[in-house]
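Open your viewer, switch to a cartoon view and get ready to click around. We will go stop by stop, selecting a few residues each time.

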Amino acid sequence: MTDRLGAVLAGAVPRVCAAAVALIAVDGSVAAAAAAGELVRYADAGGTLAARRPPAGHDSIFDLASISKLFTTAVLLSLAEEGAIGLDEPVAAWIPGHDPRVTPRRLLTHTAGLPPTRRIDLELPGADASERMEAMLRTPIAHPVGGPYLYSDVGLVIAGRVAELAGGAPLDALVRARVTDVLGLPDTGYRPAALARVAGLARVAATEWKPERPGPGCVRGEVHDETAYALGGVAGHAGLFATAGDLLAFGEALRLSAIGQGGAVLRPESVAEMLRDQGAEGAAFRHGLGVRIGDPAIVGPLSGAFGHSGFTGTSLVVDPARGLTVVLLTNAVHPVRGRDGIRELRHAVAGEALRLRELQPLT
């Protein structure tokens, strides 16, 4: 273990985020682990300190935000392995009336021509989650289908619904049956207050001050993303919560499959397709199926690594060539969004991972 990772996190708390937990695995073994800050630091948007400020720990649970997309991708690819879906089959096979040019592959590469987001909560304030989902599925194509790349939460919402229709179960049940139960991830799931091992919200990090939500205080234990919240807390693009240890195990499962040594969740050939450059033009990185490859915002010096980031201040970076898996969980939107420094923090954690790799011979 090393104290250097702890120093990296301590240097960012509370300026960049109120709480941070990081894990670095080298060849499958944890080489560094650190936690810093407070799960709930602020009581409101003005920065008033909360009366109770529980410390962050290695078992703390964070809102993963868009890292949820990787779990949706894993579910879709597992269904493809079984022949329940075809990656290049029109989603109209499951959603009648949808544009026939839109396929699961285009949804997972953000080349389906769908808009980036849709505030369905504001559009349909009196509707329930099912009515809002039906409206999301009818979102019209607004950009060229097939590219260029345009990041779209709407597309992953639709991808999650396709998974439900093809898999014959709600998305949270599919993620549980096909990913978290398989890997033994007890603290990963939607709506964390319902997770079996979570005692209330004691281990959950707070996110943003949202006076329109039930209070008191900042959001805690409910998904931060407004669209996912409007859809009931479970959606293809956001909604999952997890500990750093659980997310590390998920990343390791992908890493092992990528080097032909895994297969618990996805076959090596499925992960190979997931990590193949799908040719999405216009992105600042190469894009696989649901994953970003060499994303400069998160990989730092780990060129060629894949993964994803989350708006709440989270990231998962997996580098099969170097045998590294790197997890950073923060609540950088607490108590308000728009803080500076999260990119630099991600790079610093990735840099520490590279340093640890260089201290050990490749196995």
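Before we set off, here is a small puzzle: is D88 buried or exposed? Keep it in mind; we will meet D88 at the salt-bridge stop.

This is a predicted model, in which local features need pLDDT of at least 70 and side-chain atom pairs count only at pLDDT 80 or more, while totals for chains, interfaces and linings use all residues. Residues are numbered from 1 along each chain as its sequence is written, and side-chain values use heavy atoms, with hydrogens and water left out.

**Stop 1: the whole chain**

Start with everything in view. The chain has 11 helices and 10 strands; helices (H or I, at least four residues) and strands (E, at least two) are DSSP runs, numbered from the N terminus. The radius of gyration is 19 Å, close to the 21 Å that the globule rule gives for 363 residues, so the chain is as compact as a globular protein of that length. (The radius is taken over C-alpha atoms, and the rule is 2.2 Å times the number of residues to the power 0.38.) Rotate the model and you will see a C-alpha trace that spans about 55 × 50 × 40 Å along its principal axes.

Of the 363 residues, 57% are buried. Here buried means under 20% relative accessible area, exposed means over 50%, and partly exposed lies in between, with a 1.4 Å probe and protein chains only.

**Stop 2: strand β10 and its neighbours**

Select residues 324-330, which form strand β10. How many of its 7 residues are buried? The count is 7 of 7. Both faces are covered: L324, V326, L328 and T330 lie on one side, and T325, V327 and L329 on the other.

Now add β1 (residues 19-26), which pairs with β10 in the antiparallel sense over 7 bridges; two strands pair if DSSP finds at least two bridges between them. Look for L23, which stands opposite V327. Next add β9 (residues 314-319), which is antiparallel to β10 and joined to it by 5 bridges. Here V318 stands opposite T325. The hairpin of β9 and β10 has 4 residues between the strands, and G323 there takes a positive phi near 70°.

**Stop 3: helix α9 and the core**

Select residues 244-258 to show helix α9, which has 15 residues. From first C-alpha to last, α9 reaches 21 Å, close to the 21 Å expected at 1.5 Å a residue; the expected span is 1.5 Å times one less than the number of residues. Helix α9 is mostly covered, with 11 of its 15 residues buried, including L247, F250 and L254. Just after the helix, G260 takes a positive phi of about 80°.

Show the side chains of F71, L247 and F250. These three touch the most other members of the largest nonpolar core, which has 78 residues. A nonpolar core is a set of buried Ala, Val, Leu, Ile, Met, Phe, Trp, Tyr and Cys residues joined through side-chain atoms within 4.5 Å. Around L247, look for its contacts (heavy atoms within 4.5 Å): among them are L64, I67, F71, V327 and L329, not counting residues up to four places away in sequence. A second, separate core of 30 residues includes L5, V26, L324 and A332. In soluble globular proteins, nonpolar side chains tend to be buried together.

**Stop 4: salt bridges**

The structure holds 25 salt bridges, each a side-chain nitrogen of Lys or Arg within 4 Å of a carboxyl oxygen of Asp or Glu. Select E352 and R4, whose side chains meet in one of them (3.5 Å, N to O). E352 lies in helix α11 (residues 342-359) and R4 in helix α1 (residues 4-10), so the pair ties together parts that are 348 residues apart in sequence. E352 counts as buried at 5% relative accessibility, whereas R4 is partly exposed at 47%.

Finally, select D88 and R105, which form a salt bridge with their closest N and O atoms 2.7 Å apart. D88 sits in the loop between α2 and α3 (104-108), and R105 in helix α3. Now for the puzzle: D88 is exposed, with a relative accessible area of 51%, while R105 is buried at 18%. Add E273 and R276 to your selection: salt bridges that share partners join D88, R105, E273 and R276 into one network.
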